[in-house]
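Here are a few short exercises to work through with the model open beside you. Try each task before reading its solution.

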Amino acid sequence: MASILLGVTGGIAAYKACEVLRLFDKAGHRVRVVMTRMATEFVGPLTFETLSKGAVLTDAQPLGENGSILHIDYADQADIFVIAPCTANVIAKLAQGMADDALSTTALAFTGPVLIAPAMNVNMWNSASVRENLDILRTRGVHVVEPSSGDLACGWVGEGRLAEPAEVVSAALKVLDPYKDLARLRVLVSAGPTQEKIDPVRYIANRSSGKMGYALAEAARDRGASVTLVSGPVALSKPDGVSVVNVESATQMKRAMEEALDNADVVIMSAAVADYRVETAAEHKIKKGRETMQISLVRNDDILAALGQSKRADQVLIGFAAETHDVVAYGQDKLKRKKADLFVANDVSRPDIGFSSDENEVHLLFADGRVVKIDKAPKRRIADAILDAAKELHRLNAAAKLSA
Ligand code: CTP
């Protein structure tokens with residue numbers, strides 16, 4: 001997860017900055033917003049406050065909670081400063097190092113990468129002053145997402161229209177590319193429920209949506225890992241750039257995980273595996289007849305425990321504990337029994353987190369006894385916290401193996 005500082009300046013395209021913010025948020029990044037006075041005339045700060053779930057820095061609001069100086073806080077905490085749309089006036093101010101309002105002051109205080117997406121009238125865009133100012137900024141390493149061509153709000157046709165929000169966001173994420181901290185890691189993730197067949201049209205399953213496992217796979221991919229996702233039946237679309245193995249039953253999932261184990265550095269069992277399967281699935285659809293019926297179930301193998309037995313010392317094994325009470329205690333017990341390096345324990349009795357929800361709140365339970373609470377956050381952010389722990393554990397396991 002990166003921390004994005006989004007600067008919004010006063011042009012008609014200011015409303016498109018809402019979509020830029022939304023796309024960053026959807027990709028799991030934290031966004032803080034700073035606006036010029038003119039920008040607030042186009043879109044109210046409340047819109048950005050609501051979308052970013054945080055205070056918006058404007059000329060009218062220089063101080064944050066506890067009297068902190070917001071422009072310094074925001075500048076210090078950001079990984080990238082994205083200004084979209086960026087007016088000719090702000091381009092000039094950035095080029096000259098002026099600091100006469102909240103946005104330009106923040107820009108001066110910011111030491112990381114800056115990306116601007118200009119939007120203006122075609123003649124302004126082609127003017128010598130804008131060209132020269134942009135040259136100055138480019139020489140200083142500022143990234144520029146060029147405007148596109150088309151009908152402009154001012155009535156002219158030509159270059160000057162703000163680039164598409166998706167283009168701005170992907171350019172910014174590319175700038176952050178060096179943060180591909182998992183580039184050498186191979187991550188194997190299981191996700192979703194399993195389906196245990198009763199007859200050709202019926203099965204036993206559970207409420208797992210697969211969202212947590214898919215978020216893990218996508219976050220690992222975005223951080224540069226090569227990812228294999230073993231997925232039970234879910235309603236989610238296949239993530240790009242991830243090798244997906246689709247399975248239905250726990251038996252199939254076990255086989256797929258065992259086959260992929262050798263080529264993995266980190267293995268995450270986030271799937272909700274059925275503990276039992278139907279002893280003998282009927283070949284034909286079962287017809288109703290008697291008032292009551294019984295289905296005989298037999299235990300499935302525990303996939304995580306089996307992986308715990310056969311894994312190499314340098315491999316990191318992570319399990320999930322879905323509990324309705326005594327979350328940490330049950331999780332710690334499972335961690336020991338299944339010989340995992342880390343357990344992610346969550347409370348599935350809470351309707352606001354867990355199954356089907358987009359958010360989660362978990363405890364990370366380490367084999368050395370450490371318990372780290374990760375506050376309620378989108379699953380993508382929880383995924384990043386789990387991957388941070390996995391990276392650290394892999395470094396430790398690999399070092400221990402070398403010195404053994
Ligand atoms: N798990 C597994 N194979 C199974 C059952 C569970 O690999 N047959 C894994 C899950 O993917 C999860 C962890 O074990 O990572 C814990 O699953 P959970 O169902 O919470 O634990 P159980 O050991 O099945 O305990 P119980 O259902 O009794 O709480």
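**Exercise 1. Find what share of the protein's residues count as buried, and describe its overall make-up.**

Solution. Start with the cut-off: a residue is buried when its relative accessible area is under 20%. In this predicted model, 49% of the 404 residues meet that description. Next, look at the surface: the protein exposes about 19,800 Å², with carbon and sulfur atoms supplying 51% of that area. Then count the secondary structure, which comes to 14 helices and 20 strands. Finally, turn to the contacts between residues at least 6 apart in sequence: 65% of these join residues at least 24 apart.

**Exercise 2. Trace the sheet of 8 strands and say which strands stand at its edges.**

Solution. Step one is the order: the open sheet runs β13-β12-β9-β14-β17-β18-β19-β20, with mixed pairing. Step two is the edges: β13 (243–246) and β20 (371–378) each have a single partner strand, so one side of each lacks a neighbour in the sheet. Step three is the twist, which averages 20° from one strand to the next.

Now zoom in on one pair. Strands β18 (residues 342–347) and β19 (residues 359–366) run antiparallel and are joined by 5 bridges. Within this pair, Val 344 has Leu 364 of β19 as its bridge partner.

Last, add the helices. Helix α11 (residues 250–261) packs on the sheet and touches β9, β12, β13 and β14, its direction making about 175° with that of β9. Helix α12 (residues 303–310) also packs on the sheet, where it touches β14, β17 and β18; its direction makes about 155° with that of β17.

**Exercise 3. Decide whether Asp 326 and Lys 339 are buried, partly exposed or exposed, and check their phi angles.**

Solution. Begin with Asp 326, in the loop between β17 and α13 (327–337). Its phi is positive, about 45°, although Asp 326 is not a glycine. Its relative accessibility is 49%, so Asp 326 counts as partly exposed.

Continue to Lys 339, in the loop between α13 and β18. Here phi is near 55°, again a positive value in a residue other than glycine. With 47% relative accessibility, Lys 339 counts as partly exposed.

**Exercise 4. Locate the cis peptide bond that involves Pro 85.**

Solution. First find Pro 85 in strand β4 (residues 80–86). Then step back to Ala 84: the bond joining Ala 84 and Pro 85 is cis, with omega about -5°.

**Exercise 5. Name the residues that make the nonpolar surface patch of about 420 Å².**

Solution. The patch is made by Ile 12, Tyr 15, Met 38 and Phe 42. To place one of them, look for Tyr 15 in the loop between β1 (3–8) and α1 (16–26).

Key
Residues are numbered from 1 along each chain as its sequence is written. This is a predicted model: local features need pLDDT of at least 70, side-chain atom pairs count only at pLDDT 80 or more; totals for chains, interfaces and linings use all residues. Side-chain values use heavy atoms; hydrogens and water are left out. Patches are made of residues with over 30% relative accessible area and no salt bridge: like charges are joined within 9 Å, nonpolar side chains (Val, Leu, Ile, Met, Phe, Trp, Tyr) within 5 Å. Accessible areas come from the Shrake-Rupley method with a 1.4 Å probe; for residues, only the protein chains shown count as cover. A salt bridge is a side-chain nitrogen of Lys or Arg within 4 Å of a carboxyl oxygen of Asp or Glu. Helices (H or I, at least four residues) and strands (E, at least two) are DSSP runs, numbered from the N terminus. Two strands pair if DSSP finds at least two bridges between them. Axes are lines fitted to C-alpha atoms, for helices over the stretch in contact, and angles run from 0 to 180 degrees between N-to-C directions. Contact means heavy atoms within 4.5 Å. Buried means under 20% relative accessible area, exposed over 50%, partly exposed in between (1.4 Å probe, protein chains only).
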